[in-house]
Amino acid sequence: MTLLAIEHVTMRFGGVTAVDNVSLEMAEGQLLGFIGPNGAGKTTLMRIITGVLRPQQGRVVFRGEDVTRWPIDRRIRAGMGLAQQIVRPLKSLNLTDNVALAVGSHRMASPLAALLHTGRSAERARARELLDLVGIGEAAQAMPGELPLGYLKRLEVARALALEPKLLLLDEPLAGLNQAEARAMADLIASLVGPEASGGRSVLLIEHNIREVARICPEIYVQDNGRRLLQGPTSQVMASPELRRAYLGGEAA
């Protein structure tokens, strides 16, 4: 079943069209890679999906409902989660409490109430489960400032998972990681989707690392100059002349 549908969305900033009549669909339980060169409008479309921006034309349909005019918090409660490229953990809280705050916020629908109740054993227990899930359970009591970027990237994913999303949007989670770290993070992302993952979760992976996107994503969506260029099975997309021209400058994928 269709989980997310972007229908003929256009977004302009003054005289610049950042997203031009874009449409795409995601199914439940799907891992979709989203690539494109710099200036392709990837970030703008992600912000439209999450509700940071409202398009001038078109609509966003999530789980069968038109959410185009919904605020961010309502979309989160409906089942969207976002892990951002620039991680911003609460530096005064250890990793467990950073995730417990997100768990409590989801359950209580109030960040303030969650902050006042982060000592609750249920939230902390769930936080530790999520830290184990993303592979950093041994650092549960560590402070964010003590840890390298790779750990903080996984912490960001754990905090997004704490919201129990049906759709997890990952904004360049491999950025800043070395090759080994990027491969390990990509493997983690792949493990979040599929029969073993809970609740039929889908992941939209916005990423510049084409090698890892092609390795783990069965399907890829490509955007160029604000327009939809391609969407299809990874092998077909990576072999397409359009991708080579737009993204790889004519070189082989």
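A helix here is a DSSP run of H or I at least four residues long, numbered from the N terminus. With that in place: isoleucine 76 lies in helix α2, residues 72-78. Before I go on, note that this is a predicted model.

I'll stay with Ile76 for a moment. Its relative accessible area is 30%, so isoleucine 76 is partly exposed. Together with Val52 and Ile72, Ile76 makes a nonpolar surface patch of about 220 Å².

Next, the interior. Rolling a probe the size of a water molecule over the atoms shows where empty space is left. How many cavities of 30 Å³ or more does a search of the whole structure find? The search returns 1. The space in the largest cavity comes to about 30 Å³.

Which residues line the largest cavity? They are Ala83, Gln84, Val87, Lys153, Glu156, Val157 and Pro173. By class, that lining splits into 4 nonpolar residues, 1 polar and 2 charged. Helix α6, residues 149-161, gives the largest share of the lining, with 3 residues.

After helix α6 comes a loop I want to mention. Glutamate 164 is found in the loop between α6 and β7, where β7 covers 167-171. With a relative accessible area of 44%, glutamate 164 is partly exposed, because buried means under 20% and exposed means over 50%. There is also a contact in space to report for this residue. Glutamate 164 and arginine 201 are 37 residues apart along the chain, and their C-alpha atoms are separated by 8.8 Å.

Last topic: backbone angles. Two residues have a positive phi without being glycine, and I'll take them in turn.

Arginine 63 has a phi of about 55°. Where does arginine 63 lie? It sits in the loop between β4, residues 57-62, and β5, residues 65-66. Is arginine 63 buried, partly exposed or exposed? Its relative accessibility is 45%, so arginine 63 counts as partly exposed.

The other is glutamate 172, with phi near 50°. Glutamate 172 lies in the loop between β7 and α7, the latter being residues 179-191. Why does glutamate 172 count as buried? Its relative accessible area is 12%, and buried means under 20%.

To put the two side by side: arginine 63 is partly exposed, whereas glutamate 172 is buried. Both are in loops, arginine 63 between β4 and β5 and glutamate 172 between β7 and α7.

That is what I have for today.

Notes: Residues numbered from 1 in each chain as written. Predicted model: local features only at pLDDT ≥ 70, side-chain atom pairs only at ≥ 80, totals over all residues. Heavy atoms only, no water. Patch = residues over 30% accessible without salt bridge, like charges linked within 9 Å, V, L, I, M, F, W, Y side chains within 5 Å. Areas by Shrake-Rupley, 256 points an atom, 1.4 Å probe, with all protein chains shown as cover. Salt bridge = Lys/Arg side-chain N within 4 Å of Asp/Glu carboxyl O. Helix = DSSP H or I, 4+ residues; strand = E, 2+ residues; numbered from the N terminus. Buried < 20%, exposed > 50% of the residue type's maximum accessible area, 1.4 Å probe, protein only. 1 Å grid on protein atoms, 1.4 Å probe; cavity = no way out; pocket = protein on both sides within 12 Å on 5 of 7 lines; lining within 4 Å. Points joined across faces, edges and corners; volume = space filled by probe spheres on them. Nonpolar A, V, L, I, M, F, W, Y, C, P; charged D, E, K, R; others polar.
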